[in-house]
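These are my notebook entries on one protein model. I set down what I looked up, entry by entry.

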Amino acid sequence: MGTEWMKDPVIQRFREYLKIPSVHPDVDYGDCVIFLKKQASEIGLPVVVHELVPRKPVVIFTWIGLKPQLPSILLNSHMDVVPVYEEYWSHPPFDAVITDDGFLYGRGTQDMKGVGMMHLEAVRRLKNSGARLQRTVHICFVPDEETGGIDGMRKFSESEEFKKLNLGFCLDESMPSENNKILAFNGERTSRQIKITCKAAPAHGALLESNTAGEKLYYIIDKFMKLRAEEKKKLDNGTPLGEVTTINMTQIEGGVQINVLPESLSVSFDIRIAPEYDHAAFENMISTWCREAGDNVSFEYIVKNPEVRSTRIDGSVPFWNVLKTSIETLGVPIKCITCPGATDARYIRRQGIPAIGLSPLISTPQLLHAHDERIHVEVYKQGIDIMEKIVSAVANV
Ligand code: ZN
């Protein structure tokens, strides 16, 4: 199957990486590190491994630029992949099978071992061609993105080792696009999970008391659901999901017995605030609703992520300008939106570094975390061409 492609060393290297089952839960990154060190010695680049948390290596290749004092470029990818339901796959998810029609099957082809290998292949090619870039380029491989990056990019981005990289710009992941446009991400929504508790004096269920926990809870739920409906309307009218604030009621708790008015009722919401939303105003609005609902209504955050500013694509970030131009000169259009989910790029943006998510995979069904995750070999190779142009453009800004 796919024999011609199998002989291609570029594809062989990718397949070798895909065959390492760096899959959750409890990932063993040992073989990824061995594989990456071998790549580094082949390409001729120094590599360091930071283990800020035991068994959670961060692997960094460095290609020194002609002007190493300039802020550098980071090409970031994660080594981990999400679990599989093997029985639903047409080919085993860690065998890296190529079919006769050129599809390479494997967990991580899209998310995101493919992009990590494109980073490496692009730099390998540039280096072999004798090119020298102005800025230093770091290629970084991190653990645990799929479980929130707590022991991976979050910890690393807050470390001295990270500061020493002196970064000016970062590339991370996006998603394949099913049409001919490359999809890029310049920001993410802010995750806020809140619990609102309404208290009242208990009473008999046969009465019609005022100021009950039930009435207060009803007021709160009504406010959130009305806001949800407004946001839903935006989504239905074509606003991308990443630019809509999502609100979902996820838990209701309280009460002791069906004929006793409860002393306490609470409701929890999972909220993802769109970047354009005024985060402080959002918080004030919730406080106001709690006050309006009556006395003894309070709210607490279960998760309160900080607001992170999106990377600007209005022309004020030169790295973005040259990136866009470099792709467009290849005749490939690019569309930049807010990421509907979360990636490690948020930790990098938190440090004030502009970051763009970019997986240069076009005409590809979106199969991140899905059965039969795959990419076409020619799409992968085209991705390397695109990445080569991008790396050379941003490292020469
Ligand atoms: Zn990913």
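**Entry 1: asparagine 211.** I note at the outset that the model is predicted. I began with the accessibility of asparagine 211, which is 41% in relative terms. Buried residues fall under 20% and exposed ones over 50%, so asparagine 211 counts as partly exposed. I located asparagine 211 in the loop between β9 (203-204) and α7 (213-236). Its phi is positive, about 60°, although asparagine 211 is not a glycine. I recorded this because most residues other than glycine have a negative phi.

**Entry 2: aspartate 144.** I then turned to aspartate 144, another residue that is not glycine and has a positive phi, near 65°. Aspartate 144 sits in the loop between β5 (137-142) and α5 (150-157). Is aspartate 144 buried or exposed? Its relative accessibility is 6%, which is under 20%, so I entered aspartate 144 as buried.

**Entry 3: the zinc site.** Which residues coordinate the zinc ion? I found His78 through NE2, Asp111 through OD, and Glu173, which is listed with two OE donors. The coordinating distances run from 1.8 to 2.6 Å. Along the chain, the donors follow the spacing H-x32-D-x61-E. Aspartate 111 and glutamate 173 are 62 residues apart, and the pair links distant parts of the chain. I placed aspartate 111 in the loop between β4 (103-105) and α4 (113-128), and glutamate 173 in the loop between β6 (167-172) and β7 (182-188).

I next checked the geometry of the site. The angles among the 4 donor atoms run from 54 to 149°. A tetrahedral site would need all angles between 85 and 135 degrees, so this range does not qualify as tetrahedral. The site is entered as irregular.

Both of these acidic donors were also checked for burial. Aspartate 111 has a relative accessible area of 6% and is buried. Glutamate 173, at 4%, is buried as well.

**Entry 4: cis peptide bonds.** I looked up the peptide bond from aspartate 111 to methionine 112 and found it to be cis, with omega near -20°. Methionine 112 lies in the loop between β4 and α4. A cis bond also joins histidine 24 and proline 25, with omega about 0°. Proline 25 belongs to the loop between α2 and α3 (30-43). I recorded these bonds because most peptide bonds are trans.

**Entry 5: serine 177.** The loop between β6 and β7 also contains serine 177. Serine 177 is buried, at 5% relative accessibility. Where sequence and space are concerned, serine 177 and serine 363 are 186 residues apart along the chain, while their C-alpha atoms are 5.9 Å apart.

**Entry 6: helices around α4.** How do α4 and helix α11 (residues 377-394) pack? Their axes are 8 Å apart, at an angle of about 60°. That angle makes α4 oblique to α11. The crossing of α4 past α11 is right-handed.

I repeated the check for helix α2 (residues 9-18) and α4, whose axes come within 10 Å and cross at roughly 140°. This angle makes α2 oblique to α4. The crossing of α2 past α4 is right-handed.

**Entry 7: domains.** Finally, I noted how the chain is divided. Domain 1 covers 3-188 + 310-394, and domain 2 covers 194-274 + 276-304. The C-alpha centres of domain 1 and domain 2 lie 40 Å apart.

Key. Residues numbered from 1 in each chain as written. Predicted model: local features only at pLDDT ≥ 70, side-chain atom pairs only at ≥ 80, totals over all residues. Heavy atoms only, no water. Donors = N, O, S within 2.8 Å, 3.2 Å for Na, K, Ca; no water. Tetrahedral: all angles 85-135°; square planar, octahedral: opposite > 155°, others 65-115°. Helix = DSSP H or I, 4+ residues; strand = E, 2+ residues; numbered from the N terminus. Buried < 20%, exposed > 50% of the residue type's maximum accessible area, 1.4 Å probe, protein only. Domains from an automatic or database assignment. Axes fitted to C-alpha atoms, helices over the stretch in contact; angles between N-to-C directions. Parallel < 35°, antiparallel > 145°, perpendicular 65-115°, else oblique. Left-handed = near helix turned anticlockwise from the far one by under 90°.
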